[in-house]
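Q: Please take a close look at the salt bridges, and say where their partners sit in the chain.

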Amino acid sequence: MKIGFIGTGNMASAIMGGAIKKGVVTPEDMIGADVSAPGREKVRTQFGIQVTADNKEVVQNADVVFLSVKPQFYGEVISGIKDEFRREQIIITIAPGKTLAWLKEQFGRDVKLVRCMPNTPALVGEGMTAACPNELISDEDLDTVKKILGSFSYVEIVPERLMDTVTAVSGSSPAFVFLFIEAMADSAVCCGMPREQAYKFAAQAVLGSAKMVMETGKHPGELKDMVCSPAGTTIGGVRVLEQAGFRSAVFEAVKEAEEISRSL
C-alpha cells in the first residue's frame, strides 16, 4: 500500500509519523505534495518520504490519498487532480463542512471517499478521529482506512449527520481544554507556584483525569463524586464553578462551534 498527501502541514505530519511508526507503511511507500518548498523539505527530512510540488504526481503514485489542505482550497485542488484518480483509489478528506455530496460534485463522478475529522492531539499520538465513508467504500477499504487512522488516534465510524458535532466536541475542544489548563496554572501562579511547575500540575491533572474516564468506564459524574469529600476543598471549588455557569459555558462553546462548522 502506498499513501499520498496533498498538503504536508501539521495534521498530515501527524498521520505520516503515526503510519510510519506503527509500520503501516515504510517511508518509501509515502509521498507528499505541497506548494511550499519549506513544507516539503520539512517532511522529507523528518520522515524520509518522497516529496513533490505536483499534486498529480501524488495521485498517480498512491493507493490512498489524503486531501490535507485548508478547506477553502479544496475546490481548486480537486479541480486540478480529479481526472487523475483511478476507480480503486481511496480519497480521505480532512475538512470541516465539506460533505460527501459536495465532494462528489467536485470530482464530477463516483469515487471512493472517506470524510474524517482528527484533532490536534494526533500530533502526540493521542488523537480522536471520526470517519464517515461513502457507499463505494467496501469493508476491506474501511479496514485499510481504520488501520491508517488508528496509527495516530482512536477511531470511530460515525454517520455524516454527526460530523459537525464531532468537529465541535473533538476538533475544536482541545482549545477549550488548553484554556482551562492555562487558567488553572494562572491561578496556581497567583497562589505562589512557579509558572513552569504550575503548567505541569494542571496539564497532568487533565491528562490523568481523561485517562480515568477512558480506562475505568465510569461516568464522569461518578468520578467527580469520588473526589468531592463532604465539606472539602473540591466540592467548594465545584460550587464556585457552578455559580459561574461553568457547564453552561462549555455547552454553549461546543454548540457555537458546531453551528459554525455547519455554515462552512
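A: Two residues are in contact when they have heavy atoms within 4.5 Å of each other. In the protein chain, 63% of the contacts with a separation of 6 or more are between residues 24 or more positions apart. The model is predicted, so local features need pLDDT of at least 70 and side-chain atom pairs count only at pLDDT 80 or more, while totals for chains, interfaces and linings use all residues. Residues are numbered from 1 along each chain as its sequence is written, and side-chain values use heavy atoms, with hydrogens and water left out.

The setting comes before the pairs. The protein chain has eleven helices and eight strands; these are DSSP runs numbered from the N terminus, with H or I over at least four residues for a helix and E over at least two for a strand. Along the principal axes, the C-alpha atoms of the chain fill a box of roughly 65 × 40 × 30 Å. Of the 264 residues in the chain, 38% are buried. Buried means under 20% relative accessible area, exposed means over 50%, and partly exposed lies in between (1.4 Å probe, protein chains only).

Now to the salt bridges. Side chains of opposite charge can pair when their charged atoms come close. The term is used here for a side-chain nitrogen of Lys or Arg within 4 Å of a carboxyl oxygen of Asp or Glu. A search of the whole structure finds 15 such pairs.

Take E160 and R115 to begin with. Their closest N and O atoms are 2.9 Å apart. The pair links distant parts of the chain, with the two positions 45 residues apart. R115 belongs to strand 6 (residues 112-117), whereas E160 is in the loop between strand 8 (153-157) and helix 7. The two partners also fall into separate accessibility classes: R115 counts as buried because its relative accessibility is 4%, and E160 counts as partly exposed because its value is 27%.

Helix 7 itself covers residues 163-190, and S170 lies in it. S170 counts as buried because its relative accessibility is 9%. Leaving out residues up to four places away in sequence, S170 touches N119 and M128.

Another salt bridge joins D186 and R195, and here the closest N and O atoms are 2.7 Å apart. D186 has a relative accessibility of 33%, so this residue counts as partly exposed. R195 is partly exposed too, because its relative accessible area is 37%.

A further pair lies within a single helix. The side chains of R262 and E258 meet in a salt bridge, at 2.8 Å from N to O. Both residues lie in helix 11 (residues 246-263), four residues apart, which is about one turn of the helix. R262 counts as partly exposed because its relative accessibility is 48%, but E258 is buried because its relative accessible area is 11%. This pair does not stand alone: R262 and E258 are linked with D164, K255 and E259 in a network of salt bridges.

The nonpolar side chains can be grouped as well. A nonpolar core is a set of buried Ala, Val, Leu, Ile, Met, Phe, Trp, Tyr and Cys residues joined through side-chain atoms within 4.5 Å. The largest such core has 56 residues, and I6, F66 and L67 have the most contacts inside it. Helix 1 (residues 10-21) gives this core its largest share, six residues. The contacts of F66, again without residues up to four places away in sequence, include I3, G4, F5 and I6, and also I15, I92, I94, I148 and L149. A second core is separate and has five residues, among them I181, A185, A188 and A202.

One last residue gives a sense of spacing. G80 lies in helix 4 and counts as partly exposed because its relative accessibility is 38%. G80 and E140 are 60 residues apart along the chain, and their C-alpha atoms are separated by 28 Å. E160 and R115, by contrast, are 45 residues apart and form a salt bridge with N and O atoms 2.9 Å apart at the closest.
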